[in-house]
Amino acid sequence: MATYNDYPQSATNNAKKVLEWKKKYGDEVKGMTSVGWTRANQLASRRKLSYDTIARMAAFNRHRKNAAIDPKYKDTPWKDRGYVAWLGWGGTSGINWAIRKAESIRNGTVKASVDVADVPWGDRKVKDDYATQGKDGSIKKSPKAPKSDTPEKNPKGVGKGGKLSPQIIKSIETKVSKHNEKYPDKKIDVGAAKRVVLRGMGAFNTSHSPKVTSAAQWGLARLNAFMYLVKNGNPSNPKYVQDNDLLPKWHKKAKKNG
C-alpha cells in the first residue's frame with residue numbers, strides 16, 4: 001500500500017510541541033484520544049502515512065474552530081484541550097496538507113511510493129466499504145464507491161491521451177507472457193490486453209475505490225479479471241461482461257457467441 005511523508009515540517013513541529021507539553025506537564029495536557037496521541041507520534045517522527053490515515057487527518061478539519069487558542073488559556077496553551085488536539089493532528093498546516101493530499105490520491109495524480117506496475121495484484125488485500133478484491137485479484141466496485149473527482153471522461157473508455165506509458169506496457173507484456181506460457185492453449189493477445197487496461201483507466205474516471213490511487217492501478221486490476229475470465233471460462237464476477245468483445249475467438253463468451 002502506498003504511504004507518504006511529504007507533509008510540512010511545521011506539521012511535525014506542531015505534533016512535537018504537544019508531545020513536549022505532555023512530557024513536561026503530564027495530566028494537565030488533555031483533549032487527545034489514544035488515536036490522537038498515535039497520530040502525534042507518527043507526525044513527530046515523520047513516519048509514512050497511509051491514505052486512510054491521511055483521510056482521517058483531512059476529516060479532522062471539522063475541528064478547525066480549535067485552531068486558535070481560547071483567550072482564557074493564552075498563558076497556558078497546553079490546558080486548551082481543543083487546541084492541543086488540533087496541534088496533535090498536525091495543526092493548520094498539517095490538516096491543509098491532508099485535505100490536498102487526499103484529493104490528489106483520489107484523483108490519481110500522486111505517484112505511489114511503490115509503483116503499481118511492479119506489485120502483483122494477487123498479493124494485494126483490498127477490503128473496505130468501497131471495494132473488495134476477488135479471487136482473481138481484481139477489484140470489484142461497491143454501490144458505496146464515490147464518484148471520482150477527476151473531471152475528464154475519456155471517449156470510448158480510452159485512458160487519458162489514449163496512450164500507455166512504457167512502464168505500464170512492460171507490465172502488461174510481462175503478465176501476458178507469463179499467462180501464455182502457463183496456459184498455452186488459452187493464450188491472450190497483447191493488443192487485447194492493452195485495450196482492457198485502457199478501458200480500465202477510462203473507467204477510473206467514473207468511479208473507483210479511494211484506496212486505488214491511480215488509473216494504471218485500476219486498469220491493471222481489470223486486466224487480472226480479464227485473464228481470469230480467459231483461463232476459467234467464466235468471470236469471478238458474473239456482471240463482468242464489458243470486455244467480452246476482446247476475448248479470443250475460441251472463448252465460449254466471445255461476443256459472437258453471446
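## Salt bridges and a buried helix face

Lys101 and Asp6 form a salt bridge, with their closest N and O atoms 2.7 Å apart. This pair links distant parts of the chain: Lys101 sits in helix α5 (residues 91-107), while Asp6 belongs to the loop between β1 (3-4) and α1 (9-25), 95 residues apart. Please keep in mind that this is a predicted model. Here is a quick tour, starting with the charged pairs and moving on to the overall fold and two helices.

**Salt bridges**

- The count of salt bridges comes to two.
- Side chains of opposite charge can pair when their charged atoms come close.
- In the bridge described above, Lys101 counts as buried because its relative accessibility is 10%, under the 20% cut-off.
- Its partner Asp6 has a relative accessible area of 43%, so Asp6 is partly exposed.
- The other bridge brings together the side chains of Asp243 and Arg222, at 2.8 Å from N to O.
- Arg222 lies in helix α8 (215-232) and Asp243 in the segment after α8, so this pair ties together parts that are 21 residues apart in sequence.
- Both Asp243 and Arg222 are buried.

**Overall fold**

- The protein chain has eight helices and four strands.
- Read from the N terminus, its elements follow the order β-α-α-β-α-α-α-β-β-α-α-α.
- The protein chain has 258 residues, and 47% of them count as buried.
- For contacts between residues at least 6 apart in sequence, 64% join residues at least 24 apart.
- The accessible surface of the protein chain is about 13,800 Å², and carbon and sulfur atoms account for 51% of that area.

**Helix α3**

- Which residues of helix α3 (residues 51-59) are buried? They are Tyr51, Thr53, Ile54, Met57 and Ala58.
- Looking down the axis of α3, these buried residues fall within an arc of 160 degrees, so they line one face of the helix.

**Ile95 and its surroundings**

- Ile95 is found in helix α5, the helix that also holds Lys101.
- With a relative accessible area of 0%, Ile95 is buried.
- What does Ile95 touch, leaving aside residues up to four places away in sequence? The contacts are Met57, Ala58, Phe60, Asn61, Arg64, Trp86 and Trp89.
- Among these contacts of Ile95, Met57 and Ala58 are buried residues of helix α3.
- Ile54 is another buried residue of α3; the C-alpha atoms of Ile54 and Ile95 are 8.8 Å apart in space, and the two residues are 41 apart in sequence.

Conventions: Residues are numbered from 1 along each chain as its sequence is written. This is a predicted model: local features need pLDDT of at least 70, side-chain atom pairs count only at pLDDT 80 or more; totals for chains, interfaces and linings use all residues. Side-chain values use heavy atoms; hydrogens and water are left out. A salt bridge is a side-chain nitrogen of Lys or Arg within 4 Å of a carboxyl oxygen of Asp or Glu. Buried means under 20% relative accessible area, exposed over 50%, partly exposed in between (1.4 Å probe, protein chains only). Contact means heavy atoms within 4.5 Å. Accessible areas come from the Shrake-Rupley method with a 1.4 Å probe; for residues, only the protein chains shown count as cover. The arc is that of the directions from the helix axis to the C-beta atoms.
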